[in-house]
Amino acid sequence: MTSSTSKRARPAYRCAECGWTTVKWVGRCGECQAWGTVSEDGPAAAGPRTATVSPAREPARPIGDIDVESARANPTGVGEFDRVLGGGLVPGAVILLAGEPGVGKSTLLLDVASNVADGALGPDGFESPRTVLYVTGEESAGQVRLRAERIGALSPTLLLAAETDLGTVLGHLEVNQPDMLIVDSVQTIASAQVDGAPGGVSQVREVAGALIAVAKERQIPTILVGHVTKDGSVAGPRTLEHLVDVVCQFEGDRHSRLRMIRAVKNRYGPTDEVGCFDLSEDGIVGLPDPSGLFLSHAGSGVAGSCITVTLEGRRPLAVEVQGLVAPSPLNNPRRATSGVDSSRLAMILAVLQRHGGLRLADQDVYASTVGGARITEPASDLAAALALVSARTGRPLPGATVAVGEVGLAGDLRPVAGLDRRLGEAARLGFAHAVVPHGTGVKAPEGLQLVEAAHIRDAVEWAQSAGGGTGSETDRD
């Protein structure tokens with residue numbers, strides 16, 4: 001018996017995160033050091049198995065002779081989705097849309113599919129209906145039909161197939177020759193030629209590879225829905241994100257109507273754009289101006305409220321931060337947040353106690369945002385601080401005031417990026433005063449007065465002098 005026949009193919013194990021392979025199972029990946037991501041992936045390859053193909057199907061050409069018209073983006077009719085994609089869908093592009101269960105991925109894509117099928121505005125400037133194939137592996141065709149009726153997404157050229165077999169899906173593509181493909185979701189489709197359950201590393205890689213090959217060959221824009229793990233990352237092998245052209249994250253609080261979509265990876269456009277949507281019983285609607293969702297119009301003249309302007313990608317959003325300070329009966333006063341980073345709140349409280357002259361160590365402190373917004377950037381520090389100052393003293397801030405700035409541990413106020421865009425949004429919304437760090441060099445827009453403060457104590461003194469109410473005499477040390 002020869003040595004080649006005596007060696008049997010041993011099973012290979014592959015990391016689902018980075019694709020690292022080994023001949024035996026290990027609990028920790030030797031490449032990315034992730035725990036519990038190594039699973040069996042089939043026999044290990046003994047060596048290169050691909051032979052040279054000559055001549056090539058399409059010869060190499062000078063880069064200047066390549067036609068770029070076929071790579072132009074076509075709008076989908078959903079403006080906020082087009083904003084994130086960089087103008088629309090590029091022929092042959094493969095997009096991976098990931099998000100938590102129930103966030104509204106299927107509703108959004110059904111709306112996109114209906115718009116494209118009805119005839120979204122194409123590059124030639126006129127409307128032309130297109131055939132869209134929607135493959136659902138998670139729901140029955142009847143369930144999708146009911147949702148489409150509810151959101152008004154019924155179109156004669158929108159084809160629906162409830163399939164979980166990859167071969168059958170490829171057969172639908174061969175028969176119907178669609179202009180666009182949506183697969184919901186890629187983890188539910190499986191190939192009979194590959195071992196493993198649907199959603200496994202081998203199955204996801206095989207399904208994604210086959211669909212990407214068809215999309216590139218026939219120039220079909222394809223959208224794949226992906227599941228996410230409990231830490232928010234895309235489920236399945238990490239190579240899935242490398243294979244596709246665009247990776248989008250669909251985010252939103254389950255108890256809020258606001259939904260945001262952002263591009264984590266985009267080969268055809270920027271990755272700093274954010275699309276905003278309003279999810280309701282009648283469907284999902286784009287929000288070109290979402291700032292109104294984060295503002296409480298009844299909060300004027302009420303202590304414990306301050307407005308800030310955050311940047312979501314390139315888009316400025318006005319967000320209201322509310323604070324509540326109350327005497328605590330506990331030895332360890334309570335600190336509770338909603339939409340505000342708890343660690344940054346603890347830092348702001350320490351700075352106000354040490355450098356702002358406010359006694360907060362024996363007080364329960366609550367901080368929240370309006371409308372389910374989440375603010376994590378340091379630019380919102382000053383607004384949170386002024387909201388707490390207003391809540392502690394009982395003096396409301398002027399109703400048309402915004403605050404933007406980072407608070408340092410020494411009590412200094414530091415400039416933030418994109419201040420001109422933030423102030424422009426504040427002026428557009430009709431605010432009269434803007435508290436900003438000193439020395440930014442930014443010119444105030446027309447109708448907006450800048451209040452520059454170099455230290456947190458300067459901002460606190462301005463808030464107490466400009467605000468109304470009687471306040472409390474025991475607020476300061």
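Visitor: Which residue does R314 form a salt bridge with?
Guide: In this predicted model, R314 forms a salt bridge with D272, and the closest N and O atoms of the two are 3.0 Å apart. R314 lies in the loop between β13 (305-312) and β14 (315-327) while D272 lies in the loop between β10 and β11, so the pair ties together parts that are 42 residues apart in sequence.

Visitor: And how exposed is R314?
Guide: R314 is partly exposed, with a relative accessible area of 42%, and D272 is also described as partly exposed, at 30%.

Visitor: Which residues are joined with them into one network?
Guide: Salt bridges that share partners join E80, R83, D272, E273, R314 and R315 into one network.

Visitor: OK, how many salt bridges does the structure hold?
Guide: The structure holds 20 salt bridges, and one of them links R257 with D278, where the closest N and O atoms are 2.4 Å apart. R257 sits in the loop between β9 (246-251) and β10 (258-266), and D278 sits in strand β11 (residues 274-280), so this pair ties together parts that are 21 residues apart in sequence.

Visitor: Is D278 buried or exposed?
Guide: D278 is buried, with a relative accessible area of 12%, whereas R257 counts as partly exposed at 48% relative accessibility.

Visitor: What does E406 form a salt bridge with?
Guide: E406 forms a salt bridge with R414, the closest N and O atoms being 3.8 Å apart, and R414 is partly exposed, with a relative accessible area of 36%.

Visitor: Changing topic, which residues touch the most other members in the largest nonpolar core?
Guide: That core has 45 residues, and those touching the most other members are L352, L382, L386, L388, V435 and I456. Several elements each supply at least two residues of this core, including α8 (342-354), β16 (363-369), α9 (381-393), β21 (449-453) and α11 (456-466). The largest share, nine residues, comes from α9.

Visitor: What does I456 touch, then?
Guide: Leaving aside residues up to four places away in sequence, I456 touches V351, L352, H355, G356, L382, A385, V407, G411 and L413. There is also a second, separate core of 34 residues, and V84, L97, L279 and I284 are among its members.

Visitor: What about empty space, how much lies in the largest pocket?
Guide: About 490 Å³ of space lies in the largest pocket. It is lined by 26 residues, of which E251, G252, M260, R262 and R374 are the closest to its centre.

Visitor: Which element gives the most to that lining?
Guide: β10 gives the most to the lining of the largest pocket, with four residues, and β9, β10, β13 and β14 each supply at least two. The lining residues divide into eleven nonpolar, seven polar and eight charged.

Visitor: And the largest cavity, what volume does it have?
Guide: The largest cavity has a volume of about 60 Å³, and the count of cavities of 30 Å³ or more comes to one. The residues lining the largest cavity are V340, D341, R344, L345, I348, I375, S380, D381 and A384.

Visitor: Which elements give two or more of those lining residues?
Guide: Those elements are α8 and α9, and α8 gives the most to the lining of the largest cavity, with three residues. By residue type, this lining divides into five nonpolar, one polar and three charged.

Technical notes:
Residues numbered from 1 in each chain as written. Predicted model: local features only at pLDDT ≥ 70, side-chain atom pairs only at ≥ 80, totals over all residues. Heavy atoms only, no water. Salt bridge = Lys/Arg side-chain N within 4 Å of Asp/Glu carboxyl O. Buried < 20%, exposed > 50% of the residue type's maximum accessible area, 1.4 Å probe, protein only. Core = buried A, V, L, I, M, F, W, Y, C linked by side-chain atoms within 4.5 Å. Contact = heavy atoms within 4.5 Å. 1 Å grid on protein atoms, 1.4 Å probe; cavity = no way out; pocket = protein on both sides within 12 Å on 5 of 7 lines; lining within 4 Å. Points joined across faces, edges and corners; volume = space filled by probe spheres on them. Nonpolar A, V, L, I, M, F, W, Y, C, P; charged D, E, K, R; others polar.
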